[in-house]
Amino acid sequence: MTKKNILFFGLLFCSTTLFAQRTDVEGMAYFDEQRHPNFRENIVIPDVNGYRVLKCDFHTHTVFSDGLVWPTIRLQEAWSEGLDAFALTDHIEYHPFKNDVKVDHNRSHEIIEKDAQKNNIILVKGTEVTRSTPPGHFNAIFINDASEFIESQDAAYDKATVMKAAEQGAFVFWNHPGWQPKIKGSYEWIDFVEDLYANQALHGIEVINGFGFHKKALDWCVDKNLTVMGTSDIHNLIQRSYDTDRDYVHRTMTLVMAKERTPEAIREALDAGRTVAWASKYLAGKEEHVRALFDACVELKPPHYTEVRGNGNNTTFYEITNNSDLYFELILTEGNGTRGIVLYPQSSQLISAAADQSSLSYDVVSTYVRSDQHLNVTFNLN
Ligand SMILES: [Zn+2]
Ligand SMILES: [Zn+2]
């Protein structure tokens with residue numbers, strides 16, 4: 001008997017109570033243990049300065065453009081992954097399945113609107129304005145009617161369309177700048193983008209899109225006070241695209257620091273730029289927001305022991321705790337103490353410092369506050 005068969009018979013004998021629950025059809029048994037357990041993951045991140053940290057993904061696709069899934073699947077994924085809010089942002093101009101799926105720019109959103117409410121997920125209406133590179137693609141979210149954004153490959157229309165979205169009150173962000181690096185101007189602050197920006201028709205940039213960190217975009221966001229966005233731009237199944245069985249792997253998303261868990265509060269936070277992009281182990285954002293997030297999650301406890309070694313080498317021990325599902329990696333930049341600290345999600349580490357030290361400073365190397373700069377934090381020891 002193979003191992004598999006032993007397991008199968010083992011299950012048959014052990015599961016009599018399970019089968020007993022499902023005797024509605026005579027002559028039938030059910031092997032329900034094979035079903036995928038259905039539950040919602042909780043992503044734990046403490047409040048930041050009184051703001052709730054909402055997990056949002058405002059760039060996803062379905063079969064209503066070039067995605068490979070029905071809208072319902074996107075909702076199921078968002079629910080089980082613990083997202084608070086997301087948007088279906090199907091391309092306005094690109095419909096490879098148009099012979100099979102009727103082109104309707106509002107339909108994907110409509111299909112899941114009610115179910116999103118039932119599942120307590122905030123569904124934001126959006127679309128991807130998809131023009132040639134440069135400048136490429138722009139997402140407009142918090143829109144009313146996606147069909148209003150005319151289809152054209154004419155450069156003059158490009159600008160008009162994005163402007164129109166902004167005029168109608170949309171939040172507009174530039175998608176994956178630099179995704180076609182061989183095309184001249186695709187990763188530059190070209191006049192087209194400057195024009196939108198000058199007309200307040202550009203509000204954010206994707207600093208992380210899926211697996212790509214657009215480092216220049218982070219500097220643009222910091223220097224021009226645009227909102228930092230992180231999105232999955234998912235086309236296939238999340239589980240097919242992300243190796244979610246591995247620790248720290250989750251879809252790329254935007255952490256939005258909002259006054260409450262409502263669409264209005266999300267919009268206010270996006271307009272105010274209170275966001276941090278989160279992908280893999282990494283956080284990218286403006287320094288004040290990354291710092292506030294770090295301070296809310298990480299706590300240095302008071303000293304609990306000093307080892308007397310004499311000759312001025314006494315060493316004091318501290319516990320440092322990460323109260324979140326985020327990951328932080330720290331490298332000592334100043335002071336005499338533990339050189340490197342890895343703060344795994346919801347865990348603590350022991351660190352030590354020379355007893356006469358008043359502070360230790362670290363670069364949090366799993367964060368970016370500029371393309372070439374990590375968050376630097378100082379722990380006061382007294
Ligand atoms: Zn795109
Ligand atoms: Zn896209």
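Helices, as I use the word here, are DSSP runs of type H or I with at least four residues, numbered from the N terminus. With that settled, good morning; the structure above is a predicted model, and I shall begin with one of its helices.

Helix 6 is followed by Q200, a residue whose phi is positive, near 55°. Q200 is not a glycine, and it sits in the loop that links helix 6, residues 191–198, to strand 6, residues 204–209. As background, most residues other than glycine have a negative phi. Is Q200 buried or exposed? Q200 is exposed, with a relative accessible area of 60%.

Helix 6 itself has three buried residues, F192, V193 and L196. These cover an arc of only 95° around the axis, so they lie on the same side of helix 6. The general background is that an α-helix has 3.6 residues a turn, so residues three or four places apart point the same way.

A second non-glycine residue with positive phi is Y248, at about 70°. Y248 belongs to the loop between helix 8, residues 238–241, and strand 9, residues 253–258. With a relative accessibility of 23%, Y248 counts as partly exposed. The cut-offs matter for that statement: buried means under 20% and exposed means over 50%, so a value in between is called partly exposed.

I now turn to the metal site. Which residues supply the protein donors of the zinc ion designated ligand 1? They are E128 through OE, H137 through ND1 and H176 through NE2, and they lie 2.1 to 2.2 Å from the ion. Along the chain, these donors follow the spacing E-x8-H-x38-H. H137 lies in strand 4, residues 137–141, while H176 is in the loop between strand 5, residues 171–174, and helix 6; the pair therefore ties together parts that are 39 residues apart in sequence. Both histidines are withdrawn from the surface by the accessibility criterion: H137 counts as buried at 8%, and H176 counts as buried at 5%.

The other zinc ion, ligand 2, has as its protein donors H59 and H61, each through NE2, together with E128 through OE and D233 through OD. These donors lie 2.1 to 2.4 Å from the ion. In sequence they are spaced H-x1-H-x66-E-x104-D. How far apart are the two zinc ions, and which residue coordinates both? The separation is 3.4 Å, and E128 coordinates both.

Why is the arrangement around the zinc ion, ligand 2, irregular? The four donor atoms subtend angles of 78 to 162°. A tetrahedral assignment would require all angles to lie between 85 and 135 degrees, so the range of 78 to 162° makes the arrangement irregular. For reference, ideal angles for four tetrahedral donors are 109.5 degrees. Two of the donor residues are buried at 0% relative accessible area, namely H59 and H61.

Next to H61 in numbering comes T62, which lies in the loop between strand 1, residues 52–57, and helix 3, residues 71–81. T62 is buried as well, with a relative accessible area of 0%. Setting aside neighbours within four places in sequence, T62 is in contact with G67, V69, P71, R74, L88, D90 and S108.

Let me move to the nonpolar interior. The largest nonpolar core has 42 residues, and those with the most contacts inside it are F86, L255, L293, F294, L326, F328 and L330. Helix 10, residues 287–297, gives the largest share of this core, five residues. Where does this core lie with respect to domain 2 and domain 3? Domain 2, residues 52–285, and domain 3, residues 297–380, both contribute residues, so the core lies between them. Leaving aside neighbours within four places, L293 is in contact with I45, V48, V53, L255, V276, L283 and L326. Apart from this core lies another, of 34 residues, among them F138, F149, A165 and W174.

I close with A353, which is placed in strand 17, residues 347–354. A353 counts as buried, at 1% relative accessibility. Beyond four places in sequence, A353 touches N314, T315, T316, Y318, N336, G337, L360 and L381. The C-alpha atoms of A353 and P303 are separated by 9.8 Å, and these two residues are 50 apart along the chain.

Definitions and conventions. Residues numbered from 1 in each chain as written. Chains lettered and ligands numbered in written order. Predicted model: local features only at pLDDT ≥ 70, side-chain atom pairs only at ≥ 80, totals over all residues. Heavy atoms only, no water. Helix = DSSP H or I, 4+ residues; strand = E, 2+ residues; numbered from the N terminus. Buried < 20%, exposed > 50% of the residue type's maximum accessible area, 1.4 Å probe, protein only. Donors = N, O, S within 2.8 Å, 3.2 Å for Na, K, Ca; no water. Contact = heavy atoms within 4.5 Å. Core = buried A, V, L, I, M, F, W, Y, C linked by side-chain atoms within 4.5 Å. Domains from an automatic or database assignment. Tetrahedral: all angles 85-135°; square planar, octahedral: opposite > 155°, others 65-115°. Arc of directions from axis to C-beta.
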